[in-house]
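Let's take a walk through this one together, one stop at a time. Have the 3D view open and follow along.

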Amino acid sequence: MTDAHLRATGIGVRFGSFAALDGVDLSVARGELVTLLGPSGCGKTTLLRVIAGFQRQQEGQVVVGGRSLDGIPPEGRNFGMVFQSYAVFPHLTVADNVAYGLVARGVRRGDMARRVQSALDRVQLGPFAARYPDALSGGQKQRVGLARAMVIEPDLLLMDEPLSNLDALLRIEMRREIRMMQRELGITTLYVTHDQEEALAISDRIAVMRQGRLLQVAPPEEVFEAPAHAFVADFIGGCNWFDATIKPGDAVELAEGPRFVLPPGPDRSLGRPLGPVRVALRNEDFRLSDPASPLPSLAGTVVMRAYMGHRTRLHVRLASGATLDADVPGGPALPAEGDPVHLTFEPPRARLFTREAEPMDGWRIP
Amino acid sequence: MTSLARLLRDPWPLVAGGVVLLLLVFVAWPLAELARQSLIGQDSGRLGLENYATFFGSSYFRRALANSLTVAALGTAFALVLAVPLALAFARYDFAGKRWIEIGILMSMLSPPFVGAYAWILMFGRSGLVREALAGIGIDIPPIYGAFGIALASAFSQYPVLFLVVRGGLARVNPALEEAASSLGRGRLAVIRTVTLPLILPALVTGTLLVFLGIIADFGTPSILGEGERFPVLATLAFSLYLSEIGAEPGMAATTAAILVLISLTLVVLARWLAARRTVANDTAGMRTAIPLAGRTGALLALGAGALVLLANMPLLVVVGSSFLEVRGVVFQPVLTLANYINAVAALGDALWNSLRFAAIALAIILVVGALSGYLIARSSSLLSRLADLLIMVPYVVPGTVLGIGYASVFNEPPLLLTGTASIIVVMYVVRRLPYVARASASIVYQIDRGLEEASQSLGVRPLAGFRRVMLPLMRPGLLAGAAIAWVEVFNELSASIVLYTGGTRTLPIAAYQQSLAGDVGMAAAYATMLIAITAVALGLFTMLRGRGGEVGVL
């Protein structure tokens with residue numbers, strides 16, 4: 001990326017013998033919102049804290065707006081930060097909270113009042129200026145945190161799981177507000193979350209992390225449709241995994257029985273290396289069918305049926321003893337628990353990974 | 001950034017270094033010197049365990065050791081019997097007069113233990129009011145001097161600590177656990193035995209330890225109720241060995257002090273081991289609502305608790321009351337007078353002014369150093385701050401008499417010639433009460449979200465300014481609460497200042513103690529009442545300061 005506003009290169013952080021971050025390279029363009037997504041302990045918060053200046057890295061460098069951050073303490077960086085715990089000062093009013101950073105910048109009194117008020121209006125907290133935080137709900141507190149971080153016109157906005165402490169409906173509403181405000185103001189933003197749905201909904205690009213490394217940095221669609229790592233496929237969207245073997249003629253044979261021939265992809269030639277592979281199929285890739293279907297099909301028994309509104313999840317045990325989840329459109333004709341079922345899938349839906357979890361290139365859905 | 005610039009931006013390492021230095025000089029050094037002296041033979045001057053051999057070879061010294069242990073164990077047992085049922089009742093039930101009874105419990109903490117001891121003598125001493133009255137109707141009870149009296153007086157002055165700690169432990173027990181036990185068919189007492197007590201065991205152990213350490217370290221109570229040499233305990237023994245007018249034995253004093261510290265230390269280690277072994281992960285406690293008790297049960301509970309608390313406060317009432325009575329010889333007359341106060345003020349000298357001055361200066365230092373070091377303990381894991389954490393807690397197990405003797409033997413020559421000065425008393429006050437404020441401040445800091453400081457920093461405010469603008473306002477209520485307790489303790493301090501004072505640095509507790517021991521009973525009562533009154537007024541002030549919340553805003 002040529003127009004990188006934030007560029008982190010070769011970041012390494014170790015806690016004793018544990019590598020929290022290991023050679024992480026990440027660039028964020030001006031005005032872009034990038035999420036760091038991964039399970040807890042993957043290093044996403046550590047990376048955010050390195051960029052904020054609260055965690056010193058042993059290796060690598062962070063450059064923002066052409067300025068190296070080496071030796072610059074957090075208070076000298078001019079980054080807004082939003083915390084999972086809100087970190088709203090309980091002894092200050094809402095307005096004083098928002099003014100806190102402006103005071104440190106020596107903003108004149110009249111100017112300050114105006115900027116505080118407009119920041120509060122932006123997060124719909126205008127009427128709450130004189131209240132103390134303990135009179136606010138969690139969502140309102142986080143709006144204070146947001147206004148406080150935005151009002152200093154930060155060079156970079158860092159958000160550390162800002163919505164994790166809110167309930168589900170409010171999370172969805174707040175993430176839309178955050179995204180709209182971020183676009184409107186064009187603030188370059190790094191956003192940490194462990195919620196894949198939130199990451200998909202809010203990001204320009206998602207950086208998926210595991211064990212201190214970046215596995216894939218790509219737009220949401222690409223991360224979902226063309227995962228660069230078996231872990232990415234599993235973490236985002238969830239997958240059912242099957243052991244399989246590639247036979248001559250690009251035929252894939254699942255250990256469970258069915259075989260299918262890989263369709264030619266854009267940059268794929270026939271004649272892949274023969275041998276064991278892992279096949280990933282998402283829940284929604286399966287269809288109920290009859291045994292005569294020409295598509296590859298798996299036979300099993302419904303162990304449990306969970307109604308989820310617009311879909312129903314069938315937990316199916318295959319003849320081999322393995323289980324899978326299939327999400328099928330709801331309807332009265334669905335098999336009951338204990339019924340035998342046949343599930344088919346379109347071969348192009350199958351994603352292939354090597355035993356080392358690397359994707360076998362060319363397997364993307366047009 | 002140069003290291004100097006970094007220190008200016010973030011001076012916490014400097015603060016940690018300063019605290020450690022202070023504690024090394026004023027805690028580690030005097031104690032190390034005492035340990036050294038205890039290992040140098042009193043007679044031979046040779047290095048070895050000669051003094052310890054002398055100690056355990058002498059039946060008098062052995063008796064002092066046995067007395068100390070007996071009194072502390074008995075007193076702790078009494079305190080447990082008083083405090084645990086009260087704590088259970090307070091944590092679980094609402095009943096009439098609960099607030100007043102609570103104030104009564106806390107009132108027992110207001111005065112130094114020796115004042116209570118003196119009051120027991122006024123009631124049950126050789127010519128005690130109650131004892132005389134009982135003798136008048138033909139009931140003869142033995143005077144209260146000795147082990148039983150000391151244990152009883154100590155228990156009444158120490159039980160509030162145990163009450164507070166145990167009630168705190170009870171408040172943290174998830175009520176759902178007790179409800180679960182009841183729903184499984186256990187009766188009320190069985191629930192307490194099988195669920196509640198095991199869960200509050202760590203608090204119970206801590207509280208018991210505090211009481212035991214308090215009693216075994218106390219100098220005033222055994223000195224007054226033990227009639228000096230007749231019932232020696234380790235604290236009074238160390239004192240008289242060090243300051244005896246007929247040939248002081250500093251080596252033996254050091255040895256006695258060392259044995260006292262070793263006992264305390266052993267108990268602390270034992271208690272920590274016990275508490276750690278039995279600490280169970282406490283799941284998050286739900287809201288505990290006390291069950292209102294109306295009708296006969298409630299009235300009975302209130303009556304029982306009220307009677308206990310009234311009994312515990314009898315000494316206070318007797319002292320205050322008798323301070324206004326005329327004295328003839330050593331006997332109070334039923335005539336109201338201010339004569340005791342007139343005599344007391346005439347003989348006061350600088351004692352009151354000294355007490356106020358020393359305590360105020362010490363308190364200011366305790367607040368600043370306590371707030372800073374509490375913050376360090378909670379937030380920094382550097383070697384220096386861990387060392388500070390360790391050193392700060394040492395005076396907690398060192399009896400005042402021991403620290404006093406240590407100071408007297410170290411600071412009596414250059415480079416730090418402090419004996420006889422006001423500074424040595426102030427420093428001693430600071431060191432003895434720092435653990436309480438530092439601990440209190442650390443426990444508040446633990447509860448404050450680290451994100452607040454990071455938010456402040458990310459908004460462009462330097463760490464030290466952030467500490468002032470964010471942390472201090474949030475720590476203030478806790479600090480003031482800690483300061484209130486520290487004031488009570490410092491203003492009433494006796495056991496170390498009795499070793500260190502000289503004519504010019506006599507304090508009010510010393511004056512009161514001296515009159516109680518062998519002086520005018522009326523003046524003793526007057527001094528004690530002055531101590532109690534000033535402590536109470538100061539506590540009222542702290543409470544007002546705490547109540548006045550609200551922050552001066554920037555807009």
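B:Gly97 lies in the loop of chain B that runs between β1 (93–94) and α5 (98–107). Keep in mind as you look around that this is a predicted model. With a relative accessibility of 37%, B:Gly97 counts as partly exposed, because that label covers values from 20% up to 50%. Now look for B:Ile366, which is 269 residues away from B:Gly97 along the chain. The C-alpha atoms of B:Gly97 and B:Ile366 are 36 Å apart.

Next, the aromatic rings. Counting over all chains, there are 25 aromatic pairs in the structure. One of them brings together B:Tyr60 and B:Phe61, with 6.3 Å between the ring centres and 50° between the planes. That pair is called tilted because its angle falls between the 30 degrees limit for stacked and the 60 degrees limit for edge-to-face. As for cover, B:Tyr60 is partly exposed at 27% relative accessibility, while B:Phe61 is buried at 9%.

What kind of pair do B:Phe114 and B:Tyr513 make? This one is edge-to-face, with centres 6.0 Å apart and planes at 85°. It also ties together distant parts of chain B: B:Phe114 belongs to helix α6 (residues 113–124) and B:Tyr513 to helix α23 (residues 508–518), 399 residues apart. Are these two residues buried or exposed? B:Phe114 is buried, at a relative accessible area of 2%, and B:Tyr513 is buried too, at 5%. Staying in chain B, you can also pick out an aromatic cluster made up of B:Phe26, B:Trp29, B:Tyr407 and B:Phe411.

Rings turn up in another kind of contact over in chain A. There, A:Arg148 places its charged end over the ring of A:Phe89, 4.7 Å from the ring centre. A:Arg282 does likewise with A:Phe224, its charged end sitting 4.1 Å from the centre of that ring.

Our last stop is strand β14 (residues 275–281) of chain A. It is mostly covered, with five of its seven residues buried. Which strands does it pair with? One is β11 (residues 240–247) of chain A, which runs antiparallel to β14(A) and is joined to it by seven bridges. Within that pairing, A:Val277 of β14(A) has A:Ala244 opposite. Another is β20 (residues 351–353) of chain A, also antiparallel to β14(A), with three bridges between them. Here A:Arg278 has A:Phe353 of β20(A) as its bridge partner.

Definitions and conventions
Residues are numbered from 1 along each chain as its sequence is written. Chains are lettered from A and ligands numbered from 1 in the order in which they are written. This is a predicted model: local features need pLDDT of at least 70, side-chain atom pairs count only at pLDDT 80 or more; totals for chains, interfaces and linings use all residues. Side-chain values use heavy atoms; hydrogens and water are left out. Rings of Phe, Tyr and Trp (its six-membered ring) pair if their centres lie within 6.5 Å; planes under 30 degrees apart count as stacked, over 60 as edge-to-face and the rest as tilted. Buried means under 20% relative accessible area, exposed over 50%, partly exposed in between (1.4 Å probe, protein chains only). Helices (H or I, at least four residues) and strands (E, at least two) are DSSP runs, numbered from the N terminus. A charge sits over a ring if NZ of Lys or CZ of Arg is within 6 Å of the ring centre and within 35 degrees of the ring normal. Two strands pair if DSSP finds at least two bridges between them.
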